[in-house]
Amino acid sequence: SNSWILRFSSRVCGRVRPSAGACELIVARVIMEKRDVALACGLAMGAGAGLALLFRRLTAYKPPKVWTQPVSKDPFGAMNQPTAGSRAVKALPKGKHPIQLYSLGTPNGAKVTIFLEELAAIMPDFEYDAHVINIGKLDQFNSGFVEVNPNSKIPALVDQSDPANPVNVFESGAILLYLADKYDTEGKFLERASCSGPGDLVGHVADGVRALLGRRVRPLLQLCAGEDRVCGQPIHLRD
């Protein structure tokens, strides 16, 4: 019989005077707690045992006086090292077009390629050169690529429209915003606000705020910081 539950809920509800819906929630929770008390005790005991084991392992670990990097047999784990900079001297290939893309057909790398093709579809004269960076062969640690992206991650882009002052851009989201800002003059992919001129500081600030809050930029930032990175991290960081 659940008469004791009803008496308990009546006393609680009468004391705090919640709504009828709150009384129903209290009754449902008490029923759930009574029914699943054994399961809850088991989970609590298991969690306690796990925490105790973790605590013993953490307290038993003594950091070495001189740390040495462990040898990994996993190809993705082996590429991660506690050092920065290039590991081999090799220049990047360069094409004749203004935009040079250095990437690979990964979910993160494909975003820039797709957008470049979208730009080419609306701009008949738009052309670019794409070069493969084989991360499995550690091409991202060659000196030429590190000069473009010191973080040694694909994709990376070089805008050599002005050969005397090339522009290096890396991180997929930054590349997409850069390309849209420079080539999407009609605002097909990125919202634009009207400014009176280069000296219109207020207008440019409003443009930046509107872009960051725009319907098309918010999904981009979510994509770059959310799903694709979460899906890739278990592989890249599993070692």
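**Figure 1. The side chains of Lys-182 and Asp-159 join in a salt bridge, with N and O 2.5 Å apart.** This view, like those that follow, comes from a predicted model. Side chains of opposite charge can pair when their charged atoms come close. Here Lys-182 belongs to helix α7 and Asp-159 to strand β3, so the salt bridge ties together parts of the chain that are 23 residues apart in sequence. The two partners sit in rather unlike surroundings: Lys-182 is partly exposed, with 36% relative accessibility, whereas Asp-159 is buried, at 1%.

**Figure 2. Glu-186 and Lys-188 make a salt bridge.** The structure holds 2 salt bridges, and in this one the closest N and O atoms are 3.5 Å apart. Glu-186 has a relative accessible area of 62%, and because that is over 50%, Glu-186 counts as exposed. Lys-188 has a relative accessible area of 44% and is partly exposed.

**Figure 3. Helices α5 and α7 pack with their axes 9 Å apart.** Two packed helices are described by the angle between their axes and the distance between the axes. Helix α5 covers residues 107-122 and helix α7 covers residues 172-183, and the angle between them is about 10°. That angle makes α5 roughly parallel to α7, because angles under 35 degrees count as roughly parallel. If you would like to trace the contact yourself, look on the α5 side for Asn-108, Lys-111, Val-112, Phe-115, Leu-116 and Leu-119. Facing them from α7 are Ser-172, Ile-175, Leu-176, Leu-179, Ala-180 and Tyr-183.

**Figure 4. Phe-126 is buried in the loop between α5 and β2.** Strand β2 spans residues 128-132. The relative accessible area of Phe-126 is 8%, which is under 20%, so Phe-126 counts as buried. Leaving out residues up to four places away in sequence, Phe-126 touches Ile-99, Leu-116, Leu-119, Ala-120 and Tyr-183. Some of these names will be familiar from the previous view: Leu-116 and Leu-119 of α5 and Tyr-183 of α7 also take part in the helix contact. His-97 is 29 residues from Phe-126 along the chain, and the C-alpha atoms of the two residues are separated by 9.0 Å.

**Figure 5. Ser-152 is a buried loop residue.** The loop that holds Ser-152 runs between α6 (143-148) and β3 (156-159). Ser-152 has a relative accessible area of 5%. Apart from neighbours within four places in sequence, Ser-152 is in contact with Gln-140, Phe-141, Phe-145 and Val-146.

**Figure 6. Leu-51, Leu-54 and Leu-58 form a nonpolar patch on the surface.** Together, these leucines have about 320 Å² of accessible area. Leu-54 is part of helix α3, which spans residues 37-60. With 46% relative accessibility, Leu-54 is partly exposed.

**Figure 7. Stepping back, the whole chain has 10 helices and 4 strands.** Followed along the sequence, these elements come in the order α-α-α-α-β-α-β-α-β-β-α-α-α-α. The chain has 239 residues, and 29% of them are buried. Its accessible surface comes to about 16,300 Å², with 62% of that area belonging to carbon and sulfur atoms. Of the contacts between residues at least 6 apart in sequence, 57% join residues at least 24 apart.

Methods
Residues numbered from 1 in each chain as written. Predicted model: local features only at pLDDT ≥ 70, side-chain atom pairs only at ≥ 80, totals over all residues. Heavy atoms only, no water. Patch = residues over 30% accessible without salt bridge, like charges linked within 9 Å, V, L, I, M, F, W, Y side chains within 5 Å. Areas by Shrake-Rupley, 256 points an atom, 1.4 Å probe, with all protein chains shown as cover. Salt bridge = Lys/Arg side-chain N within 4 Å of Asp/Glu carboxyl O. Helix = DSSP H or I, 4+ residues; strand = E, 2+ residues; numbered from the N terminus. Buried < 20%, exposed > 50% of the residue type's maximum accessible area, 1.4 Å probe, protein only. Axes fitted to C-alpha atoms, helices over the stretch in contact; angles between N-to-C directions. Parallel < 35°, antiparallel > 145°, perpendicular 65-115°, else oblique. Contact = heavy atoms within 4.5 Å.
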